[in-house]
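Trainee: I would like a close look at one part of this model, taken slowly and with its surroundings.

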Amino acid sequence: MHIGTTNPHLNEFTRVLLELRWGDMDAYGHVNNVTQLRLLEEARVRALGSPTHSTDAPTTPGQSGIADTVSGITIPSVFAEASETTELLVASHAIEYRRPIPYRAGPIAIDLVISEVKPASVTIGYVIAEPDGSVGYTLAETVIVFVDRENSRPRRLSNKEKLTMEDVIRPAVPMRGRR
């Protein structure tokens, strides 16, 4: 269980807290669907490490660009370290909007899990939820492919990379359209 907090869809996870902005709302008064995808991206970069960490501004807190708004399961620095020789390509997204996210002051929680590690890709699941765990708004998955920068082709994860991530693999986000 995540220490001190819950999620209606996950037991163990990495949590990223992000502030909503007034401009994140759409004409219906809730957080826009495109904005939700951007929130997932921001949470992913904070939890996995910035792929540009070696050139990020020196004020970026934490190791490999991981901000102090991240808690729970510590994701190994495989993603940030690989980015020196590897492009991290988003191969696909799947997203289910379960409830509209109303705008309000205070952070929203984006809870992440690494649910699958394949030879050249990793699947990351997300739940956008209230920080107290009372409501799960959006469920999503992203498949990240590791691509060799020199030949622009997918590259296999090294044994070390796979072994490092084995300890953080958790059950997939319970999406309705699951294969």
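Trainee: Which residue in β4 stands opposite threonine 14? Starting from there, could you take me through strand β5 and its place in the sheet?

Mentor: Threonine 14 stands opposite leucine 112 in β4. This is a predicted model in which local features need pLDDT of at least 70 and side-chain atom pairs count only at pLDDT 80 or more, while totals for chains, interfaces and linings use all residues. Residues are numbered from 1 along each chain as its sequence is written, and side-chain values use heavy atoms, with hydrogens and water left out.

The protein chain has three helices and six strands, where helices (H or I, at least four residues) and strands (E, at least two) are DSSP runs numbered from the N terminus. From the N terminus on, the elements follow the order β-α-β-α-β-β-β-β-α. The six strands make an open sheet with the order β2-β1-β4-β5-β6-β3 and antiparallel pairing; two strands pair if DSSP finds at least two bridges between them. Because β2 (70-72) and β3 (86-97) stand at the edges with a single partner strand each, one side of each is left without a neighbour in the sheet. From one strand to the next, the twist averages 25 degrees.

On one side, β5 (residues 121-129) is joined by eight bridges to the antiparallel β4 (residues 107-117), and the hairpin between β4 and β5 runs through three residues. Along this pairing, aspartate 111 lies opposite valine 127, valine 113 faces glycine 125, and isoleucine 110 has isoleucine 128 as its bridge partner. β4 in turn is joined to β1 by six bridges, again antiparallel, and that is the pairing to which your threonine 14 and leucine 112 belong.

On the other side, nine bridges join β5 to β6, and these two strands also run antiparallel. Isoleucine 128 stands opposite threonine 138 in β6. The hairpin of β5 and β6 has six residues between the strands, and glycine 133 in its turn has a positive phi of about 80 degrees.

How covered is β5? Nine of its nine residues are buried, buried meaning under 20% relative accessible area, with exposed over 50% and partly exposed in between (1.4 Å probe, protein chains only). In a regular strand the side chains alternate between the two faces of the sheet. In β5 both faces are covered, with Ser121, Thr123, Gly125, Val127 and Ala129 buried on one side and Val122, Ile124, Tyr126 and Ile128 buried on the other. In β4, by comparison, eight of eleven residues are buried, and for the whole protein chain of 179 residues the share counted as buried is 43%.

Threonine 123, which has its place in strand β5, serves well as a single example. Threonine 123 counts as buried because its relative accessibility is 6%. Leaving aside residues up to four places away in sequence, threonine 123 touches Val113, Ile114, Ser115, Glu116, Glu141, Thr142 and Val143, a contact being heavy atoms within 4.5 Å.

Lastly, a wider view. Among contacts in the protein chain between residues at least 6 apart in sequence, 70% join residues at least 24 apart. The accessible surface of the protein chain (Shrake-Rupley method, 1.4 Å probe) comes to about 9500 Å², and 52% of that surface belongs to carbon and sulfur atoms.

Notes. Axes fitted to C-alpha atoms, helices over the stretch in contact; angles between N-to-C directions.
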